[in-house]
Amino acid sequence: MFTGKGGVGKTTAAAGTATAAAARGYKTLVLSTDAAHSLADAFAQEAGGDPTEVGPNLYVQQVDTQRTFERTWVEIRSYLLSVLDSVGVDPIEAEELTVLPGAEEVLALLEVRDQVRSGRWDVVVVDCAPTAETLRLLALPEALNWYMDRVFPAERRLVRALRPVLGKVAGVPMPRDKVFDAVERLHAELAAVRLVLTDPGASVRLVLTPEAVVVAEARRTLTSLALYGYRTDAVIANRVFPQAGADEWRRGWVAAQAAVLAEVEASFAPLPVLCSPYRACEPVGPAQLGAFADELYSGLPADTPDPCAVLAGAEPMTVRHTEDSYVLSLALPLADKREMDLRRKGDELVLTVAGHRRQLALPALLARRAIIGANLVGDRLDIGFARDLP
Ligand SMILES: Nc1ncnc2c1ncn2[C@@H]1O[C@H](COP(=O)(O)OP(=O)(O)OP(=O)(O)O)[C@@H](O)[C@H]1O
Ligand SMILES: [Mg+2]
């Protein structure tokens with residue numbers, strides 16, 4: 001998965017990596033969860049809603065979210081429409097209101113899952129939307145768990161009991177079982193998406209350009225991705241100016257970028273930082289993308305030269321035991337203690353880091369044990385649990 005701030009080169013890096021993978025003989029699919037489809041533009045070819053062959057071993061897919069939308073959301077939506085209608089909202093306005101934000105990306109993720117599970121591909125490359133949307137999306141499956149475990153069953157029972165009464169009295173249509181079924185199905189599907197995306201064979205590559213503002217955002221993104229349990233395996237520094245020439249403008253940029261790059265190397269270590277030069281023209285079309293990727297991945301260490309391997313990155317979550325405790329250890333690179341909050345709610349941990357929250361269901365081993373301490377050690381948050389049961 002490739003993500004990063006808007007315009008830094010996510011689509012180009014995704015398309016380039018797919019090109020490199022195909023050239024190495026991997027059967028490769030590249031698709032986008034970004035509603036603004038620009039993958040086909042990067043390849044300078046047409047691509048459809050189904051995987052379209054654009055070269056040997058290389059397929060591009062522009063996910064047709066409208067089609068899946070009709071299938072998955074139609075029940076939820078028609079319920080919402082009937083509610084809005086009953087309270088007097090203009091039908092056209094209601095149509096607008098029921099276009100759920102992020103629905104397109106969610107549906108694109110379902111397609112990613114289907115393609116990964118189809119067994120048809122050696123490598124699936126995902127061109128993600130800019131950071132903020134991607135994070136919201138990646139947090140969704142687990143966030144829904146909470147609602148599904150706590151609120152949903154009660155709501156369903158309540159609605160079942162009240163439907164005959166309320167439907168008549170208030171004139172508000174109560175959701176039918178079909179609606180609940182649709183929510184349940186969606187939840188199960190998103191849980192499956194999370195499994196695919198947090199698999200040890202999956203990783204995120206964080207794309208940035210060597211500018212202070214972009215790097216600051218990338219640092220926060222790395223922390224948030226880890227918070228949600230996703231593995232980042234490399235940083236891609238794109239649009240790096242080649243060595244300084246004669247003129248002052250260029251010397252200025254080269255010096256400024258060099259300073260930022262040094263900081264990137266230091267702060268993202270031990271992640272590999274792969275540099276891609278600012279090219280003389282837009283890397284568009286298979287030949288240009290291939291050249292882009294060759295330069296990008298020429299910086300790979302000699303012992304892991306395959307751009308399709310998971311390159312590095314800490315284990316997102318581990319449990320170990322000491323003499324008198326269990327330790328749940330979560331990767332949280334670049335996290336700031338002052339921006340962190342940890343609470344326990346029954347058998348869940350509620351962990352907030354810099355405004356992002358994760359509701360983490362504790363593994364069964366720890367669910368009934370008392371927390372005896374928490375410590376940010378280097379890039380990991382270690383939470384201690386009593387060895388003895390209360
Ligand atoms: N190394 C490079 N040298 C020259 N041009 C580049 C380089 N990398 C990307 N570009 C160009 O920069 C523009 C933005 O790149 P791209 O579309 O890959 O960014 P993005 O992060 O996907 O943007 P968005 O956030 O809009 O999806 C494109 O025109 C692309 O061809
Ligand atoms: Mg893009």
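Helices here are DSSP runs of H or I that span at least four residues, numbered from the N terminus. In this predicted model, one such run is helix α2, which covers residues 39–43 and includes Ala-40. Ala-40 has a relative accessibility of 7% and, because buried means under 20% relative accessible area, it counts as buried. Once the neighbours within four places in sequence are set aside, the contacts of Ala-40 are with Gln-45, Ala-47 and Gln-62. Of these partners, Gln-62 stands 22 residues from Ala-40 along the chain, and yet the C-alpha atoms of Ala-40 and Gln-62 are separated by 7.7 Å.

A second residue can be read in the same manner, this time in a strand. Thr-352 belongs to strand β12, which runs over residues 348–353, and since its relative accessibility is 16%, Thr-352 also counts as buried. Leaving out residues up to four places away in sequence, Thr-352 touches Glu-339, Met-340 and Asp-341, and it touches Arg-357 as well.

The surroundings of ligand 1 come next. There are 19 residues around ligand 1, and among these Gly-7, Lys-10, Thr-11, Thr-12 and Glu-282 come nearest. By residue class, the shell around ligand 1 divides into seven nonpolar, seven polar and five charged residues. Three elements, namely α1 (10–23), β7 (232–240) and β8 (273–277), each supply at least two residues of this shell, and α1 gives the most, with three residues.

Individual atom pairs add detail to this picture. An oxygen atom of ligand 1 lies 2.8 Å from a backbone N or O atom of Gly-7, while an N or O atom in the side chain of Thr-11 is 2.7 Å from an oxygen atom of the ligand. At Arg-279, a polar backbone atom is 2.9 Å from a nitrogen atom of ligand 1. Taken alone, ligand 1 exposes 630 Å², and the protein buries 79% of that area.

The cysteines offer a last point for inspection. A disulfide is a covalent bond between the sulfur atoms of two cysteines. How many disulfides does a search of the whole structure find? The search returns zero. Two cysteines may be considered individually: Cys-281, at 41% relative accessibility, counts as partly exposed, and Cys-308 likewise counts as partly exposed, because its relative accessibility is 25% and the partly exposed class lies between the buried limit of 20% and the exposed limit of 50%.

Definitions and conventions. Residues numbered from 1 in each chain as written. Chains lettered and ligands numbered in written order. Predicted model: local features only at pLDDT ≥ 70, side-chain atom pairs only at ≥ 80, totals over all residues. Heavy atoms only, no water. Near = heavy atom within 4 Å. Polar contact = N/O pair within 3.5 Å; in protein donor to acceptor, adjacent residues only side chain to side chain. Areas by Shrake-Rupley, 256 points an atom, 1.4 Å probe, with all protein chains shown as cover. Nonpolar A, V, L, I, M, F, W, Y, C, P; charged D, E, K, R; others polar. Buried < 20%, exposed > 50% of the residue type's maximum accessible area, 1.4 Å probe, protein only. Contact = heavy atoms within 4.5 Å. Disulfide = S-S within 2.5 Å.
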